[in-house]
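Please find below a short note on the structure, set out as numbered points. The comments concern aromatic pairs and helix packing.

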Amino acid sequence: MKPTRPLIYVAGPLSIGNVAMNIRAALEAGERLWEMGFVPFVPHLTHFWNFAFPHADTRHADAFWMKMDFAMLTHCNCMIRLPGASVGADMETAFCEEQNIPVFYSYDTAAEWLKAQG
């Protein structure tokens, strides 16, 4: 069964700056995107997963989370890139460009794309 709403990946800062504020910003984006008609995926919530099953202490923690992020992106219809410095979000953006997954830098362009999808 095909979903009626496109799946959108929320990419943005997590560990650079205030982590709690970055997670809140991503969740605010998810809430807004839901209201617009998307199904948002907010990878920032893996921050809490990491409390239960830490990967940050391993030598390959970033590789672990990025591998998961790239796998999820292959299921997404599009991505929104939130403002702010983020090595991970930049890598996710590059991945989307390589995979021809649309990347939006504003809610307006996301809304235009959604409208064009019918």
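1. In this predicted model, Phe-48 has a relative accessibility of 43% and therefore counts as partly exposed. Phe-51, at 60% relative accessibility, counts as exposed. Both residues belong to helix H2 (residues 46-52), where they are three residues apart, so about one helical turn separates them.

2. The rings of Phe-70 and Phe-95 form a stacked pair, because their planes lie at 15° and their centres are 4.7 Å apart. Phe-70 is located in helix H3 (residues 61-73) and Phe-95 in helix H4 (residues 87-98), so this pair ties together parts that are 25 residues apart in sequence. Phe-95 is buried, with a relative accessible area of 15%, whereas Phe-70 counts as partly exposed at 22% relative accessibility.

3. Seven aromatic pairs are found in a search of the whole structure. One of them joins Phe-48 and Phe-51 in a tilted arrangement, with 45° between the planes and 6.3 Å centre to centre. In addition, one aromatic cluster is formed by Phe-38, Phe-104 and Trp-113.

4. How do the axes of H1 and H5 lie relative to each other, and at what angle do these helices pack? Helix H1 (residues 19-36) packs with helix H5 (residues 107-116) at an angle of about 30°, the axes being 11 Å apart. The two helices are therefore roughly parallel to each other. The crossing in which H1 passes H5 is right-handed.

5. On the H1 side, the residues in contact are Ala-29, Arg-32, Leu-33 and Met-36, which meet Tyr-107, Ala-110, Ala-111 and Leu-114 in H5. By class, this contact comprises seven nonpolar residues, one charged residue and no polar residues.

Technical notes:
Residues are numbered from 1 along each chain as its sequence is written. This is a predicted model: local features need pLDDT of at least 70, side-chain atom pairs count only at pLDDT 80 or more; totals for chains, interfaces and linings use all residues. Side-chain values use heavy atoms; hydrogens and water are left out. Axes are lines fitted to C-alpha atoms, for helices over the stretch in contact, and angles run from 0 to 180 degrees between N-to-C directions. Helices (H or I, at least four residues) and strands (E, at least two) are DSSP runs, numbered from the N terminus. Angles under 35 degrees count as roughly parallel, over 145 as roughly antiparallel, 65 to 115 as roughly perpendicular and the rest as oblique. A crossing is left-handed if the near helix is turned anticlockwise from the far one by less than a right angle, and right-handed if clockwise. Contact means heavy atoms within 4.5 Å. Ala, Val, Leu, Ile, Met, Phe, Trp, Tyr, Cys and Pro count as nonpolar, Asp, Glu, Lys and Arg as charged, and the others, Gly among them, as polar. Rings of Phe, Tyr and Trp (its six-membered ring) pair if their centres lie within 6.5 Å; planes under 30 degrees apart count as stacked, over 60 as edge-to-face and the rest as tilted. Buried means under 20% relative accessible area, exposed over 50%, partly exposed in between (1.4 Å probe, protein chains only).
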